[in-house]
Each structure stands twice: as structure tokens, then as C-alpha cells.
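Student: I'd like to take a close look at one part of this model with you. Could you walk me through it step by step?

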Amino acid sequence: MASYRECVAAAAEFLALDGMASALREKRENELSESEKSELKLLIGCAGFVANEIATQYFPLIAAENVKAVNGFIAYGSLKKSYADIVCVKVRGVKKRFGRSPLGVTLTEPYSGEAEITYSYAPAAAELDGMTEWQTEKLGARVFGYGIACEYCIINGMSEAVMWDKRYKDALSAAGRGKREIILKPRRWI
């Protein structure tokens with residue numbers, strides 16, 4: 001799990017904003033000029049975009065919780081986190097068919113009582129002293145830094161956005177691959 005401070009500092013370093021990167025690493029961001037503080041706010045906003053993109057397109061954040069169903073309906077508002085997609089609904093350990101409506105999940109049978117709902121959710125807003133929500137080291141500050149640098153360049157109309165996007169996507173692809181042992185067959189000489 002990486003801190004947003006580390007992620008934004010990595011992006012600032014990638015973007016050659018060395019004064020900001022060192023101020024973030026040393027927790028001296030209150031000493032930044034007003035224009036640098038504005039840039040920092042933009043970088044934190046970009047971190048939020050990147051976290052949301054990773055959660056919705058690459059590595060979903062999954063939660064499961066018990067909620068109350070009333071006549072086969074479970075309101076989205078009863079979920080603790082801001083849901084992105086419903087994965088499954090179980091009643092007494094048995095998966096149930098369901099549909100989605102603008103206000104909640106509708107079971108195919110009019111069940112009332114406790115149900116377990118598993119869903120993907122959107123990450124909380126990025127804050128400088130907050131932590132990313134992924135429990136893996138594969139999505140570290142470097143990966144987020146590439147994404148933040150890409151978003152920053154896109155917003156500022158910089159051509160370097162293409163380079164940072166490639167690095168970001170390559171790092172996400174590498175994070176998604178599992179490590180496994182590769183065994184090569186021994187060579188035989190004729």
C-alpha cells in the first residue's frame with residue numbers, strides 16, 4: 001500500500017518539479033509558493049483520477065457486506081462504500097439472480113431479510129496524507145506516479161503525455177502478471 005504523498009512526490013520527480021518533490025518527501029509543502037501549491041493541488045487531483053481509473057478498469061476494489069433486503073430490493077444507499085458494480089448477491093450462502101435499477105439491486109424473488117452483497121467500489125478521494133486502498137506492493141508509488149504524470153501532461157497540453165501513458169500502461173500490465181518460474185528444456189546436441 002502506497003501513500004498518496006509518495007505517489008505525488010514520484011510524479012513531481014518524473015516531471016522535473018524537483019523543489020516540490022523534495023518538499024513533499026520532507027513534509028514541507030506549506031513552504032511552497034502559491035503557484036507551486038496550485039500545481040500540488042492539480043497533482044493531487046490527478047492522483048484521484050488515476051486511483052479511480054485503476055479501480056474501474058484494471059484492479060477493482062472488492063467489498064462484501066451483509067445488508068437488509070426488503071421485498072427483494074437492496075438500496076445502494078445501504079452499502080458502506082460508493083459502489084461501482086455489483087458482483088454477486090447471496091442469501092443464506094446461496095447465490096441469487098439479481099437485476100440493477102437506478103436506486104438499488106432487485107432480486108428475482110421477493111425475499112426480505114439479511115443478504116450478503118459483494119461489489120466493487122470507487123476509492124475514496126485522494127488526500128496528500130491518505131493511503132491508496134490496494135493491498136499489493138505491485139501498485140506502488142512508481143505506477144501511480146506514471147499515471148499522475150500522464151494526467152498532468154494531458155491537462156497541461158504537454159506532448160510528454162504519450163510517453164507517460166505508455167510507461168503507466170506498461171507498469172499496470174506488469175503488475176497484473178503473476179510471477180512464475182520459467183523452466184527451459186535442456187538443449188540436446190546431435
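Student: Leaving aside its neighbours within four places in sequence, which residues is Glu 53 in contact with?

Tutor: Happy to, bearing in mind that this is a predicted model. Glu 53 sits in helix H3, which spans residues 34-58. Beyond its neighbours within four places in sequence, Glu 53 is in contact with Tyr 58, Glu 151, Tyr 168 and Lys 169. Lys 169 deserves a second look: it is the nearest side chain of opposite charge, yet it lies 4.5 Å away. A salt bridge would need a side-chain nitrogen within 4 Å of a carboxyl oxygen, so Glu 53 is buried without one.

From there we can move to the nonpolar surroundings. The largest nonpolar core has 58 residues, and Phe 144 and Ile 148 touch the most other members. With neighbours within four places set aside, the contacts of Ile 148 are Cys 7, Val 8, Ala 11, Leu 43, Cys 46, Ala 47 and Val 50.

Two of those contacts are cysteines, Cys 7 and Cys 46, which raises the matter of disulfides. The count comes to zero. For Cys 7, the nearest cysteine sulfur is that of Cys 46, 13 Å away; Cys 7 is buried, with a relative accessible area of 0%. Cys 153 is in no disulfide either, as the sulfur of Cys 150, the nearest one, is 7.1 Å away.

Finally, H3 also helps to cover helix H2: together with helix H1 (4-14), it is among what covers the buried residues of H2. Those buried residues are Met 20, Ala 21, Ala 23 and Leu 24. They lie on the same side of H2 because they cover an arc of only 165° around the axis.

Notes: Residues are numbered from 1 along each chain as its sequence is written. This is a predicted model: local features need pLDDT of at least 70, side-chain atom pairs count only at pLDDT 80 or more; totals for chains, interfaces and linings use all residues. Side-chain values use heavy atoms; hydrogens and water are left out. Helices (H or I, at least four residues) and strands (E, at least two) are DSSP runs, numbered from the N terminus. Buried means under 20% relative accessible area, exposed over 50%, partly exposed in between (1.4 Å probe, protein chains only). Lys and Arg count as positive and Asp and Glu as negative; His and the chain ends are not counted. Contact means heavy atoms within 4.5 Å. A nonpolar core is a set of buried Ala, Val, Leu, Ile, Met, Phe, Trp, Tyr and Cys residues joined through side-chain atoms within 4.5 Å. The arc is that of the directions from the helix axis to the C-beta atoms. A disulfide is a pair of cysteine sulfur atoms within 2.5 Å.
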